[in-house]
Amino acid sequence: MKNTPFHDRRDYIRRTFAHEPKQQQAIRNGLTGPEDQISVPPEDGRLLQLLVRLTGAKKIVEIGTLGGYSSLWMAQAMPKGGVIYTCEYEERRAKIAEKNFKKYAKDKKINIVRGNAHETLPLLSKKGPFDLIFIDADKVSYAKYLDWAENNVRKGGLIVGDNTFLFDAVWQEEPNDRVRQTALFAMRDFNRRLSDPKKYQSMLLNTGQGMTVAMKL
Ligand SMILES: C[S@@+](CC[C@H](N)C(=O)[O-])C[C@H]1O[C@@H](n2cnc3c(N)ncnc32)[C@H](O)[C@@H]1O
């Protein structure tokens, strides 16, 4: 750990707990375009690993691959024989992820599911039920992704959603310029449904962007 002062709580958490492996650093550094700076931060990668280890998740679905950064964090925590299906509809990004997996995850089973998740998820159902479903794609679709996840996660499995503060729009009264109304409705619906204690043991974790974690009861 560097000897420089910590900037804030997040900086303290990252520098104390995240321990970003070299492979993850390389994936992040390889994503150079400004529009590609949307991987989870390292401390959230570490948190995803913890969730995978806690549940012993062997069959994982990720919606939103980008360069494969979060996939690799989860893959490293999977038990032997584990598999990740990660959905990506931008071919450029799927290609980057494919290269990264070949280079940094040779011994892991990570299958890139190319195409629009709205079309590919129903086809994935036959491989389920899944132990963990990680949702990190277009925000307007979160409620739709949840429709699928609720039916395809096993009892005791996890549904995890990233960015669930939606840039704080979920709790703010004033309209948020960064967020469309449709995305706001979808995200509020997503969190409301996962907060149902009859169906889930759940919490919205106060990470930088908010991460909702729900275990199906
Ligand atoms: C926030 S990024 C994922 C970041 C990744 N989980 C990580 O942390 O390394 C969201 C990704 O989802 C993809 N995406 C968005 N909507 C999608 C859809 N309907 N089907 C498949 N992929 C989608 C985007 O192209 C983008 O690469």
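1. A residue is called buried here when its relative accessible area is under 20%. Please keep in mind that this is a predicted model. With that cut-off in hand, Tyr69 is a clear starting case: its relative accessible area is 1%, so Tyr69 counts as buried.

2. Who sits beside Tyr69 as its partner in an aromatic pair? The partner is Trp73, and the two rings meet edge-to-face, with 6.2 Å from centre to centre and 80 degrees between their planes. Trp73 is buried as well, at 0% relative accessibility. Both belong to helix 4 (residues 69-77), and because they are four residues apart there, about one helical turn separates them.

3. A second pair is worth a look on your screen. Tyr85 and Phe130 are also edge-to-face, at 6.2 Å centre to centre and 75 degrees between the planes. Tyr85 comes from strand 2 and Phe130 from strand 4, so this pair ties together parts that lie 45 residues apart in sequence. Phe130 has a relative accessible area of 0% and is buried; Tyr85, at 10%, is buried too.

4. You can follow the rings one step further, since Tyr85, Phe130 and Trp148 are linked by ring pairs into a cluster. In total, the structure holds five aromatic pairs.

5. Now to the nonpolar interior. The largest nonpolar core has 32 residues, and the members touching the most others are Val61, Leu121 and Ile135. At least two residues of this core come from each of strand 1 (59-63), strand 2 (83-88), helix 6 (117-124), strand 4 (130-135), helix 7 (142-152), strand 5 (153-162) and helix 8 (181-194). Another core, of 30 residues, lies apart from that one; Leu31, Ala77, Phe134 and Val213 are among its members.

6. Val61 makes a handy viewpoint for browsing. Which residues does Val61 contact, leaving aside neighbours within four places in sequence? They are Tyr85, Leu121, Leu124, Phe130, Leu132, Ile133, Phe134 and Trp148. The ring cluster of Tyr85, Phe130 and Trp148 is thus found within this list of Val61 contacts.

7. Finally, do turn the model to view its surface. Phe6, Tyr12, Ile13 and Phe17 form a nonpolar patch there, and together they have about 390 Å² of accessible area. Tyr12 is part of helix 1 (residues 9-18). Is Tyr12 buried or partly exposed? Its relative accessible area is 42%, which makes Tyr12 partly exposed.

Technical notes: Residues numbered from 1 in each chain as written. Predicted model: local features only at pLDDT ≥ 70, side-chain atom pairs only at ≥ 80, totals over all residues. Heavy atoms only, no water. Patch = residues over 30% accessible without salt bridge, like charges linked within 9 Å, V, L, I, M, F, W, Y side chains within 5 Å. Areas by Shrake-Rupley, 256 points an atom, 1.4 Å probe, with all protein chains shown as cover. Salt bridge = Lys/Arg side-chain N within 4 Å of Asp/Glu carboxyl O. Buried < 20%, exposed > 50% of the residue type's maximum accessible area, 1.4 Å probe, protein only. Core = buried A, V, L, I, M, F, W, Y, C linked by side-chain atoms within 4.5 Å. Contact = heavy atoms within 4.5 Å. Phe/Tyr/Trp six-rings, centres within 6.5 Å; stacked < 30°, edge-to-face > 60°.
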